[in-house]
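Colleague: Could you take me through the charged side chains of this model, and say how they pair or fail to pair? I would also like to hear what becomes of the cysteines.

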Amino acid sequence: MIQKLETFITNHALAILLVFALVTRTLIAIFYNTISIYPDSQDYINLAQLISSFNLENYPGNRTPGYSILIALANNSLIVTVILQLFLGILSTYLLFDFSLRRTKDKSTAFWIALLTNSFLHFLFYEFAILTETLTVFLVIFSFWIIERYQLLQTKTPKKYYLLLSIVLSWLYLTKPLFIYFSLGFALFYLVKQFKNNIHHTLIKSMLVILIPFLTYFTWNNFNKKNIGYFTNTYYFGINLAQTATSFFEKAPDKDALIRDIFVRKRDSLVKANNTYHYPMSIWYAYDDLIEETQLSPQDLSAELGRISKDLFKKHPDLYAKQVFKSSYLFFGNIDSLKWKIEKFDNKFTKAALYLLWSRIQKHLLIFFNILFLIFSVRTLFLFFKSKCSLFDMNLFLVCIVLSGALAQALVAFGSNSRFAFPFLPLIVYFVVINVLDLKSKHFRIKKL
């Protein structure tokens with residue numbers, strides 16, 4: 001029976017997967033029938049309306065435009081935006097399957113990797129939310145698919161495919177500014193891997209991947225410089241840095257006493273109330289008081305918070321390093337990542353079943369996968385150094401990108417927001433599954449001996 005099922009799956013893997021992806025999304029649409037709106041959503045909606053009117057003059061610099069472009073393409077209809085996200089979710093499923101198939105040469109393995117990823121409730125419910133995550137996941141998977149499909153880590157690949165990757169990574173940066181590191185990471189990895197070969201072509205290809213994302217970066221940041229007076233991705237950057245300095249902000253000098261004391265007072269009130277969940281958001285609880293007391297614009301206040309925070313990082317590198325370590329832990333260790341409005345379910349049985357599935361099983365399974373990912377990452381790095389740094393393959397690149405993403409986030413933001421790690425979910429599932437199967441096959445070979 002099991003053998004027949006495996007044969008059936010192998011013969012019809014993609015068809016089963018796409019039907020599953022379509023049916024699960026249809027059922028959620030029927031029973032949930034809600035578009036999830038969160039505080040961040042309105043910024044994207046407002047920017048989309050400005051993009052549609054071709055008028056970004058005096059834009060306050062809240063967000064980068066990558067996700068808002070998708071809303072604008074949907075003619076600013078949130079229903080159409082969700083439909084587009086559902087399509088991107090199904091397309092991401094196909095790309096993950098095809099990527100895994102090309103890597104493993106095994107339809108069954110590729111099927112289970114894509115099916116498992118699609119079975120996580122938060123992967124599905126993000127598609128019903130006006131948030132960047134679905135588009136970000138698609139662009140991350142698409143980038144890895146391009147690298148594998150056109151063998152971009154090899155030497156003989158035509159330059160046009162590096163340019164294609166550069167375009168995709170530009171949109172990824174505009175969707176999630178943190179991902180500006182991706183293009184640089186690929187360029188450095190490729191440069192080191194192919195350094196002993198044709199250095200001229202290697203440099204050109206590396207620069208091609210960096211070219212468009214960094215042109216986009218400087219263009220957008222200069223646009224903000226013109227509009228709000230600061231060269232930045234978004235004016236929230238200074239606030240993010242202040243979040244990172246939350247635990248030692250009281251060490252700010254007396255010249256910044258007004259901002260320091262308001263922030264620390266609000267932070268300490270959360271500590272006194274034992275509100276550890278909202279502790280990383282202390283700056284936002286103090287935000288209204290800061291605006292009122294300082295009489296600064298939101299952009300100027302964020303710039304001041306950024307300046308104070310950078311000075312604190314320089315003066316207290318040990319405390320900064322401690323905070324970065326804690327943020328890295330939260331990147332892999334946070335389990336609160338299901339973005340839904342559970343009260344919107346009319347059917348009580350469906351609501352209860354999905355809640356139990358998430359709270360009792362899936363959110364713990366996510367942590368388990370993240371732990372296994374870290375363990376297998378150490379194993380991959382060990383084998384790399386054991387090979388005298390000769391194993392420059394896709395798996396090593398994947399580990400470098402995910403770990404670099406965790407570090408990049410930890411350096412500039414502190415929070416209990418598990419959205420930071422979500423875009424890497426399909427890559428983590430893929431990496432864990434192939435490593436588990438590799439260990440299993442080695443175990444069987446040893447037993448036979």
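Modeller: Since you ask about the cysteines as well, let me start there, bearing in mind that this is a predicted model. The sulfur of Cys-400 has its closest cysteine sulfur in Cys-389, at 11 Å, and because a disulfide requires the two sulfur atoms to lie within 2.5 Å, that separation is too far for a bond. Seen from the other side the result is mutual, since Cys-389 in turn finds its closest cysteine sulfur in Cys-400, at 11 Å. Cys-400 is partly exposed, with a relative accessible area of 30%, and Cys-389 also counts as partly exposed, at 35% relative accessibility. A search of the whole structure accordingly returns 0 disulfides.

The charged side chains offer a fuller picture, for side chains of opposite charge can pair when their charged atoms come close. The count comes to 14 salt bridges, and I will describe three pairs. Asp-43 forms a salt bridge with Arg-63, with 3.3 Å between the closest N and O atoms. This pair links distant parts of the chain, 20 residues apart, as Asp-43 sits in helix α3 (residues 41-52) and Arg-63 in the loop between α3 and α4 (66-73). Asp-43 counts as buried at 15% relative accessibility, and Arg-63 is likewise buried, with a relative accessible area of 15%.

A second salt bridge brings together the side chains of Asp-256 and Arg-307, at 2.7 Å from N to O. Here the partners are 51 residues apart and again connect distant parts of the chain, with Asp-256 in the loop between α12 (237-244) and α13 (257-272) and Arg-307 in helix α15 (residues 298-315). Asp-256 is buried, with a relative accessible area of 8%, whereas Arg-307 counts as partly exposed at 28%.

In the third pair, the side chains of Arg-267 and Asp-268 meet in a salt bridge at 3.1 Å, N to O; Arg-267 counts as buried at 7% relative accessibility, while Asp-268 is partly exposed at 37%. Returning to Asp-256 and Arg-307, salt bridges that share partners join these two residues with Glu-304 and Asp-311 into one network.

Some charges, finally, gather with their like: Asp-288, Asp-289, Glu-292 and Glu-293 form a patch of negative charge on the surface. Of these, Glu-293 lies in helix α14 (residues 282-294) and is partly exposed, with a relative accessible area of 46%. Glu-293 can therefore belong to such a patch, for which a residue needs over 30% relative accessible area and no salt bridge.

Definitions and conventions:
Residues are numbered from 1 along each chain as its sequence is written. This is a predicted model: local features need pLDDT of at least 70, side-chain atom pairs count only at pLDDT 80 or more; totals for chains, interfaces and linings use all residues. Side-chain values use heavy atoms; hydrogens and water are left out. Patches are made of residues with over 30% relative accessible area and no salt bridge: like charges are joined within 9 Å, nonpolar side chains (Val, Leu, Ile, Met, Phe, Trp, Tyr) within 5 Å. Accessible areas come from the Shrake-Rupley method with a 1.4 Å probe; for residues, only the protein chains shown count as cover. A salt bridge is a side-chain nitrogen of Lys or Arg within 4 Å of a carboxyl oxygen of Asp or Glu. Lys and Arg count as positive and Asp and Glu as negative; His and the chain ends are not counted. The place of a charge is taken as NZ of Lys, CZ of Arg, CG of Asp or CD of Glu. Helices (H or I, at least four residues) and strands (E, at least two) are DSSP runs, numbered from the N terminus. Buried means under 20% relative accessible area, exposed over 50%, partly exposed in between (1.4 Å probe, protein chains only).
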